[in-house]
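Reader: I would like a close look at a single part of this model, taken slowly and set against the chain around it. Please begin with the interior and work outwards to the packing of helices.

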Amino acid sequence: MDFIKTTEKDSNYNHLETMSVSAILKHINTEDQTVPLAVERELPQIEALISQIVEKLKIGGRLFYIGAGTSGRLGILDASECPPTFGVSHDLVVGIIAGGDKAIRKAVENAEDSKTQGWEDLQAFNISSKDIVIGIAASGTTPYVIAALKMCNKNQILTGCITCNKNSPLSLVSKYPIEVVVGPEFVTGSSRMKAGTAQKLVLNMITTTTMIQLGHVKGNKMVDMQLSNVKLVERGIKMIMEELQIDYVTAQQLLNTYKNVRTAINNYTNGN
């Protein structure tokens, strides 16, 4: 099958510099509305990948995201939000970006072109066949990511990817590819826009669904969340009040005692 790099196709709009602010916003919004529909078309592939992730994490494995530029930053963002949201270890979901942590804020020249550094970065975490690695690249052509997944395959480490082109080199080396084809960007080639939005939507699905499957959500509440600020403490108290049908002061006392919503609910239910 032919590989067509739709992420690099010319924008559907021209002479952007002559547009009014209103027109620019309208056209960006029009393009953005197509993204969820593109994600919807990939739901079976997303489900297949998540099923594998859940199985790996259940046996003590970890989920790794690896990418460059915007894609790498999105992976790091998703990984970093798992511990506070679901109360899991910082080691359970790991984001890796070409160029290292300094590349989170500033582009590192030629970092994405290395065909060896991606695997080296993964090896720093003592990666094994218990783990699963998802390569993220809008174009599906990033050497850093492709080479890393090739080495994962050679070492019996399960692979997946999130890309925005069909039949890309990255998809071809991934056991479980997700290809969200969003079409041309409003600004030609600016894949931080629709492609980035698509990747973020898929990442939200991956970790949220995985954490629900692993039992970190009760009802519709984040009962394992970290109580790291006043807002979250208040949310925790309300969760306990609603779940146990008790007053604010009692719920507050329970949370102060047990420091965790789930633990507080379980102990109260068990008469402790």
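Author:
**A core residue and a helix pair**

Setting aside neighbours within four places in sequence, L63 is in contact with I53, L57, L92, V93, V94, I132, I134 and I206. The model is a predicted one, and what follows should be read with that in mind. L63 belongs to the largest nonpolar core, which has 34 residues, and together with Y65, I134 and I206 it touches the most other members of that core. Two or more residues of this core come from each of the helices α2 (35–40), α3 (43–58), α4 and α8, and likewise from each of the strands β1 (63–67), β3 (132–136) and β4 (158–163). A second core, separate from this one, has 22 residues, and V94, A98, L122 and L170 are among them.

Two of the helices that contribute to the larger core, α4 and α8, also pack against each other. In general, the packing of two helices is described by the angle between their axes and the distance between those axes. For α4 (residues 69–86) and α8 (residues 194–213), the angle is about 30 degrees and the axes lie 10 Å apart. Because angles under 35 degrees count as roughly parallel, α4 and α8 are described as roughly parallel to each other. The crossing in which α4 passes α8 is right-handed.

On the α4 side, the residues that meet α8 are S71, L74, G75, L77, D78, E81, C82 and F86, while α8 brings G196, Q199, K200, L203, N204, T207, T208 and M211 to the contact. Sorted by class, this contact of α4 with α8 holds 6 nonpolar, 7 polar and 3 charged residues.

One residue of this contact, S71, deserves a separate word; it lies in helix α4. S71 has a relative accessibility of 6% and therefore counts as buried, the cut-off for that class being under 20%. When residues up to four places away in sequence are not counted, S71 touches I136, A137, A138 and Q199, and Q199 is one of the α8 residues that meet α4.

As for the chain around this part, it has 11 helices and 5 strands, and its C-alpha trace spans about 65 × 50 × 35 Å along the principal axes. Of its 272 residues, 45% are buried. Among contacts between residues at least 6 apart in sequence, 69% join residues that are at least 24 apart.

How values were computed
Residues are numbered from 1 along each chain as its sequence is written. This is a predicted model: local features need pLDDT of at least 70, side-chain atom pairs count only at pLDDT 80 or more; totals for chains, interfaces and linings use all residues. Side-chain values use heavy atoms; hydrogens and water are left out. Axes are lines fitted to C-alpha atoms, for helices over the stretch in contact, and angles run from 0 to 180 degrees between N-to-C directions. Helices (H or I, at least four residues) and strands (E, at least two) are DSSP runs, numbered from the N terminus. Angles under 35 degrees count as roughly parallel, over 145 as roughly antiparallel, 65 to 115 as roughly perpendicular and the rest as oblique. A crossing is left-handed if the near helix is turned anticlockwise from the far one by less than a right angle, and right-handed if clockwise. Contact means heavy atoms within 4.5 Å. Ala, Val, Leu, Ile, Met, Phe, Trp, Tyr, Cys and Pro count as nonpolar, Asp, Glu, Lys and Arg as charged, and the others, Gly among them, as polar. A nonpolar core is a set of buried Ala, Val, Leu, Ile, Met, Phe, Trp, Tyr and Cys residues joined through side-chain atoms within 4.5 Å. Buried means under 20% relative accessible area, exposed over 50%, partly exposed in between (1.4 Å probe, protein chains only).
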